[in-house]
Amino acid sequence: LICSRMRGITRFSVVMSVGALLSVTIAYFLLYARHQANLRDVLRLSDMRQAENALTKLYLATGSFGAAAKGCPSQGVMLASCDFSFISLDLSQLRDPGRFSYVVRDVPATAGYTIQFTLERKHGSLSAGKHILTAK
C-alpha cells in the first residue's frame with residue numbers, strides 16, 4: 001500500500017485563502033466607491049447645467065437675473081430655495097446627491113450670480129474640490 005502523508009488543509013493555506021478573499025473584497029469596495037463618486041459628480045454637473053439653463057432663460061426673458069433672488073435673498077442659502085416658478089421651472093429638487101450642497105455665493109442680481117458646488121473626483125478638465133458656476 002501507498003501511504004500518504006497529507007494532513008488536510010494547513011494553517012498556511014487557510015491564511016492565504018482568507019488573505020486572497022479579503023484582498024478581492026477590498027478591491028471591489030474601493031472600485032465601487034470610486035464609481036459611486038463619479039456618478040454623484042455627473043449628477044452634480046447635470047444639476048449645474050439645469051441651474052445655468054434656468055438662469056439663462058430668466059435673463060433672456062427679463063434682461064436680469066434678479067427675479068431669481070426671490071427665495072434666496074442672501075448669501076449662503078441653498079440653490080433649491082431660489083424660486084424659478086415664474087419661468088415654469090422647478091429647481092427645488094436640485095440637491096447635492098452626496099454630502100455637499102449647492103450654495104448661492106452671490107445673490108442673483110441684474111448682472112450675474114455665483115453658485116458654489118463641489119466635485120469629489122476629477123471630471124474632465126475640472127479638478128476635485130470646490131467650483132463656481134457664474135455669469136459675471
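Residues count as buried under 20% relative accessible area, as exposed over 50%, and as partly exposed in between, with a 1.4 Å probe and protein chains only. The model is predicted, so local features need pLDDT of at least 70 and side-chain atom pairs count only at pLDDT 80 or more, while totals for chains, interfaces and linings use all residues. Numbering runs from 1 along each chain as its sequence is written, and side-chain values use heavy atoms, without hydrogens and water.

Two residues of helix H1 fall in the middle class.

| Residue | Relative accessible area | Class |
|---|---|---|
| Tyr 32 | 41% | partly exposed |
| Val 14 | 42% | partly exposed |

Tyr 32 shares helix H1 (residues 11–62) with Tyr 28, 4 residues away, about one turn of the helix; helices are DSSP runs of H or I with at least four residues, numbered from the N terminus. The structure holds 4 aromatic pairs. Tyr 28 and Tyr 32 form a stacked one, at 6.3 Å centre to centre and 15° between the planes. Rings of Phe, Tyr and Trp (its six-membered ring) pair with centres within 6.5 Å, and planes under 30 degrees apart are stacked, over 60 edge-to-face, the rest tilted. Ring pairs also link Phe 29 into a cluster with Tyr 28 and Tyr 32.

Val 14 lies in helix H1. Together with Ile 9, Val 18, Leu 22, Ile 26 and Leu 30, Val 14 makes a nonpolar surface patch of about 600 Å². Such a patch joins nonpolar side chains (Val, Leu, Ile, Met, Phe, Trp, Tyr) within 5 Å, like charges being joined within 9 Å, from residues with over 30% relative accessible area and no salt bridge, that is, no Lys or Arg side-chain nitrogen within 4 Å of an Asp or Glu carboxyl oxygen.

Key
Helices (H or I, at least four residues) and strands (E, at least two) are DSSP runs, numbered from the N terminus. Accessible areas come from the Shrake-Rupley method with a 1.4 Å probe; for residues, only the protein chains shown count as cover.
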